[in-house]
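Here's a quick walk through some helix packing and a ligand site. Have the viewer open while you read.

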Amino acid sequence: MALAHGLAAQGWRLVIDGRDADALAEAAAGIPHDVTALAGDVTDPAHRAALVEAAHRIGGADLLVNNAGILGPSPQPALADYPLDALREVYEVNVVAPLALTQLALPGLRVHKGAIVNVTSDAAVEGYTGWGGYGSAKAAVEQASRVLAAEEPALRVWWVDPGDLRTRMHQQAFPGEDISDRPEPATVVPAFLRLLADRPPSGRIKLADLFTPADL
Ligand SMILES: NC(=O)c1ccc[n+]([C@@H]2O[C@H](COP(=O)([O-])OP(=O)(O)OC[C@H]3O[C@@H](n4cnc5c(N)ncnc54)[C@H](OP(=O)(O)O)[C@@H]3O)[C@@H](O)[C@H]2O)c1
């Protein structure tokens, strides 16, 4: 939601979602103008269609941010013991749903020469113990993004690693641990906005590399 606030402050018209209707409504209420909040699950094809339709009604999407994601079981099991149904859910939410949403949004994005942001993680590229389910799903997101970038050269496709952030998911990843030393999500928003303004070529982006002294 920090990114939604940052985008709205720059005049972007937004379509946002989340499964928790109350939390979504509360977040949307804090955004001053032009936000369509649709509660739903990105694994639901009807919900995905409603999101793209809502974007169409305000002129069509020129940016798709695939941010919704889940960690999977907490504490995270070793791959040797990873429950396969849980793994399927992690892949459904983190890999299949963003690709499905991308497929729906692509015709409009092509018209606008738009951009896609797929939120990834260092767990996609590092072999952290216990991160095999979530990490392999994010690795799949990264490779799908790489291929999409080659297939859609008129668009920008960025797979963006935001770094460790103090969120619900991060707390789930470190159950019982004090994560108060991790930065708040709002701290990376300026780097995110810089990415959108600078429009570098498609590729993997570490937001920390886009920080300026003013952000620190
Ligand atoms: N926090 C970190 O340190 C970190 C580091 C690297 C990457 N990331 C990535 O950053 C993104 C955001 O994660 P976060 O840390 O902010 O986690 P979070 O606090 O758990 O937030 C996840 C967001 O995704 C939404 N969501 C989850 N499943 C959904 C579904 N099936 N349909 C629709 N919305 C869904 C949640 O809303 P509802 O619960 O209301 O559905 C919530 O808004 C994820 O892609 C995550 O992998 C996070």
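Is the crossing of α3 and α4 left-handed or right-handed? It's right-handed. One thing to keep in mind throughout: this is a predicted model.

## α3 against α4

Helix α3 covers residues 45–57, and its axis sits 10 Å from that of α4, at an angle of about 40°. The two helices are therefore oblique to each other, since that angle falls outside the ranges for roughly parallel (under 35 degrees) and roughly perpendicular (65 to 115).

On the α3 side, the residues to click on are Arg48, Ala49, Leu51 and Val52, which meet Ala97, Ala100, Leu101, Leu104 and Ala105 in α4. Sort the residues of this contact by class and you get eight nonpolar, no polar and one charged.

## α4 against α5

Next, take the other pairing of α4. Helix α4 (residues 84–111) packs on helix α5 (residues 132–151) with the axes 8 Å apart and an angle of about 20°. That angle makes α4 roughly parallel to α5. As for handedness, α4 and α5 cross in a right-handed way.

The contact draws on Leu87, Val90, Tyr91, Asn94, Val95, Thr102 and Leu106 from α4, while α5 supplies Gly133, Tyr134, Ser136, Ala137, Ala140, Val141 and Leu148. By class, the contact of α4 with α5 comes out at 10 nonpolar and four polar residues, with no charged ones.

## α1 against α7

Now for a pair that brings together residues 2–9 (helix α1) and residues 189–198 (helix α7): their axes come within 10 Å and cross at roughly 55°. That makes α1 oblique to α7. The crossing of α1 past α7 is right-handed.

Ala2, Leu3, Gly6 and Leu7 make the contact from α1, and Val189, Phe192, Leu193 and Leu196 make it from α7. The class count for α1 with α7 is seven nonpolar residues, one polar and no charged.

## Around the ligand

There are 25 residues around the ligand, and the ones that come nearest are Arg19, Asn67, Tyr134, Leu165 and Thr167. Tyr134 should ring a bell: it's also one of the α5 residues in the contact with α4.

What lies 2.8 Å from an oxygen atom of the ligand? That's a backbone N or O atom of Asn67. Asp20 also uses its backbone, with an N or O atom 2.9 Å from a ligand oxygen. His170 works through its side chain instead, where an N or O atom is 2.9 Å from an oxygen atom of the ligand.

Methods:
Residues numbered from 1 in each chain as written. Predicted model: local features only at pLDDT ≥ 70, side-chain atom pairs only at ≥ 80, totals over all residues. Heavy atoms only, no water. Axes fitted to C-alpha atoms, helices over the stretch in contact; angles between N-to-C directions. Helix = DSSP H or I, 4+ residues; strand = E, 2+ residues; numbered from the N terminus. Parallel < 35°, antiparallel > 145°, perpendicular 65-115°, else oblique. Left-handed = near helix turned anticlockwise from the far one by under 90°. Contact = heavy atoms within 4.5 Å. Nonpolar A, V, L, I, M, F, W, Y, C, P; charged D, E, K, R; others polar. Near = heavy atom within 4 Å. Polar contact = N/O pair within 3.5 Å; in protein donor to acceptor, adjacent residues only side chain to side chain.
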